[in-house]
Amino acid sequence: TNTLSTLDLPRHKGSYVLLLELARAETLTVGRLGSLDFGAGFYAYTGSARGPGGLAARLGHHLGMARRCHWHIDYLRRKAPVVAVWACWGEAARAARLDECRLADRLAESLRLERPFKGFGSSDCTCLTHLLHWPLPVDGKPCSPISSKETIARLAAALSPLRRVF
């Protein structure tokens, strides 16, 4: 597995995108959202880090395995590893006016990603969801390193000016 020290992450406040890979379909109970059927494939989750420790603290949490689920994404993280992370902070974030809501909309529209669950990660705003799904090909084969690389490349292009930090 990939490990990243929180010392390598920016301590600034900002927004981020996690790319997770779910090899097989799973039914998970996600807090008050209840039982949800997750299809196999990639999931892009947009979030923000505004509290103490900024992006380093929040991304450190997401990249580790939470003992207790606090955010919706923690439930999915138990079954789906994070394969890449992009973040934006400081002047770049202000200039681009990027926040988690705009990032979710931008990705959904530019890459035509599915918005699978109402309210996932967006209980504190008016967005439909902050979780987007990129399904596996219809043949149902597990995710492969090649598909991961292609997915990461397409996301990176859509996420400019965010920087890949993991």
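Start at the hairpin. Strand 2 and strand 3 form it, with three residues between them. Select Gly31 in the turn: its phi is positive, about 45 degrees. Strands here are DSSP runs of E, at least two residues long, and helices are runs of H or I of at least four, both numbered from the N terminus.

This is a predicted model, so local features need pLDDT of at least 70 and side-chain atom pairs count only at pLDDT 80 or more, while totals for chains, interfaces and linings use all residues. Residues are numbered from 1 along each chain as its sequence is written, and side-chain values use heavy atoms, with hydrogens and water left out.

**The hairpin arms**

Select residues 26-30, strand 2, and residues 34-38, strand 3. The two run antiparallel and are joined by five bridges. Two strands count as paired if DSSP finds at least two bridges between them. Pick Leu28: its bridge partner in strand 3 is Leu36.

**The five-stranded sheet**

Now show the open sheet of five strands. Its order is 6-4-1-5-7, and the pairing is antiparallel. Strand 6 (131-135) and strand 7 (163-164) are the edges, each pairing on one side only. Next, select strand 1 (residues 14-22); seven bridges join it to strand 5, which runs antiparallel to it. Click Tyr16, and across from it in strand 5 stands Ala87. In a regular strand the side chains alternate between the two faces of the sheet.

**Thr46**

Go to strand 4, residues 41-49, and select Thr46. Is Thr46 buried or exposed? Its relative accessibility is 0%, so Thr46 counts as buried. Buried means under 20% relative accessible area, exposed over 50%, and partly exposed in between, using a 1.4 Å probe on protein chains only. A polar atom of the Thr46 side chain lies 3.0 Å from the backbone oxygen of Glu100. Leaving out residues up to four places away in sequence, Thr46 touches Tyr16, Val17, Glu100, Leu103, Ala104, Leu107 and His130. Contact means heavy atoms within 4.5 Å.

**Val82**

Move to strand 5 (residues 82-89) and pick Val82. Val82 is buried, at 10% relative accessible area. Its contacts, with residues up to four places away in sequence not counted, are Leu19, Leu20, His62, Leu63, Arg77 and Phe166. Add Gly64: 18 residues separate it from Val82 along the chain, and the two C-alpha atoms are 9.5 Å apart.

**The largest pocket**

Select Tyr45, Trp71, His72, Gly121 and Ser123. The largest pocket holds about 320 Å³ of space. Of its 18 lining residues, those five are the closest to its centre. Strand 4, helix 1 (54-63) and helix 2 (72-77) each give two or more residues to the lining. Strand 4 gives the most, with three. On a 1 Å grid over the protein atoms alone, a pocket is an open set of points with protein on both sides within 12 Å along at least five of seven lines, and lining residues have an atom within 4 Å of a point. Points join across faces, edges and corners; the volume is the space filled by probe spheres set on them.

**The cysteines**

Last stop: Cys125 and Cys127. How many disulfides does the structure hold? Zero. A disulfide is a pair of cysteine sulfur atoms within 2.5 Å. The closest cysteine sulfur to that of Cys125 is in Cys127, 3.6 Å away, too far for a bond. Cys127 is in no disulfide either; its nearest cysteine sulfur, in Cys101, is 3.3 Å away. Cys125 is partly exposed at 26% relative accessible area, whereas Cys127, at 19%, counts as buried.

Technical notes:
A polar contact is a pair of N or O atoms within 3.5 Å; within protein, one must be able to donate a hydrogen and the other to accept it, and residues adjacent in sequence count only if both atoms are side-chain atoms. On a 1 Å grid over the protein atoms alone, a cavity is a set of points where a 1.4 Å probe fits but cannot get out, and a pocket is an open set with protein on both sides within 12 Å along at least five of seven lines; lining residues have an atom within 4 Å of a point.
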